[in-house]
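Thanks for sharing this one. Here are a few friendly notes to read alongside the structure.

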Amino acid sequence: MGPFASRINFNTGVLEQYDAKVVRKLSDMASMFANDQAYKQAVSAEDELVYEVFEKHVPEEEGQLAHAVTVIYPGKIGDEYFMTKGHFHTKPNTAELYLCIKGRGGIIMSNEQGKVSYLEMVPGSMVYVAPYWSHRTVNTSDEEFAFLAIYPADAGHDYGSIEQTGFPKLVIDKNGKTELIDNPKWNKS
Ligand code: PAN
Ligand code: ZN
């Protein structure tokens, strides 16, 4: 593969000329939100779009850099903000760089030792997701939250491990303020 260019629209947060789009609706996120009742009600009322990932295609091989723009729509289940599923990389020693383009949000990261890091993201914020840390982003605003992610193309996504344990903390809206609280469903293995 030779050099190529693409363009992010900084007003909309959308990656123009993307090759593939991943769509995640509420129904794709069963048991990920803490409040099961609020989740069930929300899904049956309207299976809302939670986030989309706009990807460029590069070969999934060592040395290549995958890059994608994620747009998380505003919303909450109970008091928990709309968020991504979250994952470890299948090759756990691979890092990732996030750059916020639009809106306001945050990234929650945790490692196998149960350590947690939460960092806020506003346009221009860059977050270095260190190797071995799981990562999930949340939209803490009432507009679209968009960010670019750049990562080794052979990193792979391991969703299963984090699905089993959950993240140690939830990111919630408490009377208009963003707070981290213990996740009652956290199932440390
Ligand atoms: C990101 C994420 C993207 C969607 O590109 O894949 O934001 O989140 P989930 O993959 O957790 O659904 C990234 O971290 N890639 O490695
Ligand atoms: Zn990742």
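1. A word on terms first: a residue is called buried under 20% relative accessible area, exposed over 50%, and partly exposed in between. Glu-143, at 38% relative accessibility, therefore counts as partly exposed. Please keep in mind throughout that this is a predicted model.

2. Let's stay with Glu-143 for a moment. Its side chain meets that of Lys-102 in a salt bridge, at 3.7 Å from N to O. The two partners come from distant parts of the chain, 41 residues apart: Glu-143 sits in the loop between E13 and E14, while Lys-102 belongs to strand E9. Lys-102 has a relative accessible area of 14%, so this residue is buried, whereas Glu-143 is partly exposed.

3. How many salt bridges does a search of the whole structure find? The count is 8. As a general reminder, side chains of opposite charge can pair when their charged atoms come close. Two further examples follow.

4. Asp-154 and Lys-91 form a salt bridge, with the closest N and O atoms 2.5 Å apart. This pair also links distant parts of the chain, with the two positions 63 residues apart in numbering: Asp-154 lies in the loop between strand E14 (145–152) and strand E15 (157–158), and Lys-91 in the loop between strand E8 (88–89) and strand E9 (96–102). Here the acidic partner is the covered one: Asp-154 counts as buried because its relative accessibility is 18%. Lys-91, with a relative accessible area of 35%, is partly exposed.

5. Asp-19 and Lys-56 form a salt bridge too, their closest N and O atoms being 4.0 Å apart. Asp-19 is in the loop between strand E2 (15–16) and strand E3 (20–25), and Lys-56 is in the loop between strand E4 (49–55) and strand E5 (65–72), so to speak a link between distant parts of the chain, 37 residues apart. Is each partner buried or partly exposed? Asp-19 is partly exposed because its relative accessibility is 40%, and Lys-56 is buried because its value is 10%.

6. Finally, have a look at strand E13 (residues 134–139), where 6 of 6 residues are buried. Both faces are covered: Ser-134, Arg-136 and Val-138 are buried on one side, and His-135, Thr-137 and Asn-139 on the other. E13 pairs with strand E10 (residues 105–110) in the antiparallel sense, over 6 bridges. Which residue stands opposite Thr-137 of E13? That place is taken by Ile-107.

How values were computed. Residues are numbered from 1 along each chain as its sequence is written. Chains are lettered from A and ligands numbered from 1 in the order in which they are written. This is a predicted model: local features need pLDDT of at least 70, side-chain atom pairs count only at pLDDT 80 or more; totals for chains, interfaces and linings use all residues. Side-chain values use heavy atoms; hydrogens and water are left out. Buried means under 20% relative accessible area, exposed over 50%, partly exposed in between (1.4 Å probe, protein chains only). Helices (H or I, at least four residues) and strands (E, at least two) are DSSP runs, numbered from the N terminus. Two strands pair if DSSP finds at least two bridges between them.
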